[in-house]
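Today I looked up how strands and aromatic rings are arranged. My notes follow.

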Amino acid sequence: MTRRLLASYVSLVLLVLLALEIPLGLLYSRGATDRFLAAMERDAVVLAERSEEAIEEGDSREVAPLLAQYARETGGQAVVVDSGGRLVAGTAPREQADITAALRNERRSGLTTDGDRLSVTVPAASGETIRGALQLTYPASSVGAQTLQMWLVLAGAGLAVLAVAGGVGAALARWMTRPVRELERATARLAGGTLTHPPALDQGPPELRRLAATFTTTAERLQQLITAQRSFAADASHQLKTPLTALRLRLENLEPDLDPAAHDSLAEAVAETDRLARMVQGLLALARLDNTAADRVPVDADAVIEDRAASWAPFAAEQDVTIDVRGTAVGPVQAVDGALEQVLDNLLANALRVAPPGSTLTIDRRLDGDGMAAVHVIDQGPGMSPADRRRAFDRFWRAPGSADDGSGLGLAIVERLIRASGGQISLEQAPGTGLDAGIRLRPYSRAPRTGGAHPRLTARTARHRPGRPAVSASPPGAAGAVRRR
């Protein structure tokens, strides 16, 4: 913004200078020839008077040294003839017609016939007596040299004015944009979650001061709302889990006292309670993800893939499903700590939920043409329609005909984790039947750091830390595995 303001200010000054200096230069150029001829005529009159005195005294030999001295000092060429038109000093006159007119007591000036010199011819007379004539010539380029010199002076003056204007404009632009820079830094700090140093309210123009005050008020309000939301997420995780657990226990305790015909209804009530618990857990996980500034760390993607495939293999074997890991190693990637494990757990749980017996669940890994690490979880289930794939990442959305125990939040959490890791996720139709859930993450570049150390590669392969800000599907034995919706 500073450069744009400075460019606008200097451009305006430049336009004003051009509007003033160009007409001035053109006006000077048009009058330069007339001024030069007037100066030549003055010199010619002086030389003619001195030549006339020498001719009158009969000592015409003094005329030649006079003309030679003038030529050395000024560069002009002079010719003197007597009243009969005979050459007294100098070379042959260039304009004989002008000499003839001067002997009739007329003055002539202008360009010579060949156009390469300026000529002034005046009579050498004493009163009414004409004793001769003098013709003075200069190269026409002499006028061009004066004109060029004038243009150079104008250009130098313009550059000096531009330099002063640039200095004043730079100072003014910095003064005007200082509050904007402060707002930019404050916005970056606010995006990071906190605004410890609000922008100054006493700098810059009044409009920017009011903007800074409004921004500070808005930022304080946002921080209050974020703090309140974080407090809600922390409190709700404790306040909601306890009554739901108690409700489930009470329902289970009712089983001995119920008529056997009501046991199916009781089982459905318990299942709905479990589903509500998973939904609350998913909502709290999304709230924590939205409120947490996630840092990306290097993750050993190959180790994570191998470990999650091994962890889910027994459960897949119970369903007569084979997990096949294919492709080439992708190396370390950038991801939120623990995100890749949770994403793979959710995708594998979804795939195994619909995989028919005797099918193969494929985990394909490779580096694509853009250098991104691509991991695809491909099943041989019924797949999803294009309309369902477009809505699959919406919160609480479940595909028609899916099991009733899903919360509709699993893929929403997966999409949020991948986006926080700087990657992309997509759902495509697999060859034949089934679904291809693909994720793309940026590779981690091992750039040298101070002391030669590198960030530790994170695998997080066997377990998940307590307090993970997301719902994680788990192998058999864990409650609330995320299902495909």
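I started at Leu-111, which stands opposite Leu-118 in S4. I noted that I am working with a predicted model.

I then checked the strands around this spot. S3 and strand S4 (residues 117-126) pair in the antiparallel sense, over four bridges. I followed the sheet outward and found five strands in the order S2-S1-S5-S4-S3. The sheet is open, and its pairing is antiparallel. Which strands sit at the edges? I found strand S2 (87-89) and strand S3 (108-111), each pairing on one side only. On average, neighbouring strands are turned by 25 degrees against each other, direction ignored.

Next I looked for helices on the sheet. Helix H2 (residues 63-74) packs on it and touches strand S1 (77-82), S2 and S5. The direction of H2 makes about 160 degrees with that of S1. Helix H3 (residues 96-103) also packs on the sheet, touching S1, S3, S4 and S5. I read about 145 degrees between the directions of H3 and S5.

Then I turned to the rings. How many aromatic pairs does the structure hold? I found two. The ring centres of Phe-36 and Tyr-138 are 5.4 Å apart and the planes are at 90 degrees, so this pair is edge-to-face. Phe-36 is in helix H1 (residues 2-56) and Tyr-138 in strand S5 (residues 129-139), 102 residues apart, so I noted a link between distant parts of the chain. Both residues, Phe-36 and Tyr-138, are buried.

My last stop was Trp-312 and Phe-315. Their ring centres are 6.0 Å apart with planes at 55 degrees, so the pair is tilted. Both lie in helix H8 (residues 301-318), three residues apart. Trp-312 is buried at 1% relative accessible area. Phe-315, at 18%, counts as buried too.

Technical notes: Residues numbered from 1 in each chain as written. Predicted model: local features only at pLDDT ≥ 70, side-chain atom pairs only at ≥ 80, totals over all residues. Heavy atoms only, no water. Phe/Tyr/Trp six-rings, centres within 6.5 Å; stacked < 30°, edge-to-face > 60°. Helix = DSSP H or I, 4+ residues; strand = E, 2+ residues; numbered from the N terminus. Buried < 20%, exposed > 50% of the residue type's maximum accessible area, 1.4 Å probe, protein only. Pairing = 2+ DSSP bridges. Axes fitted to C-alpha atoms, helices over the stretch in contact; angles between N-to-C directions. Contact = heavy atoms within 4.5 Å.
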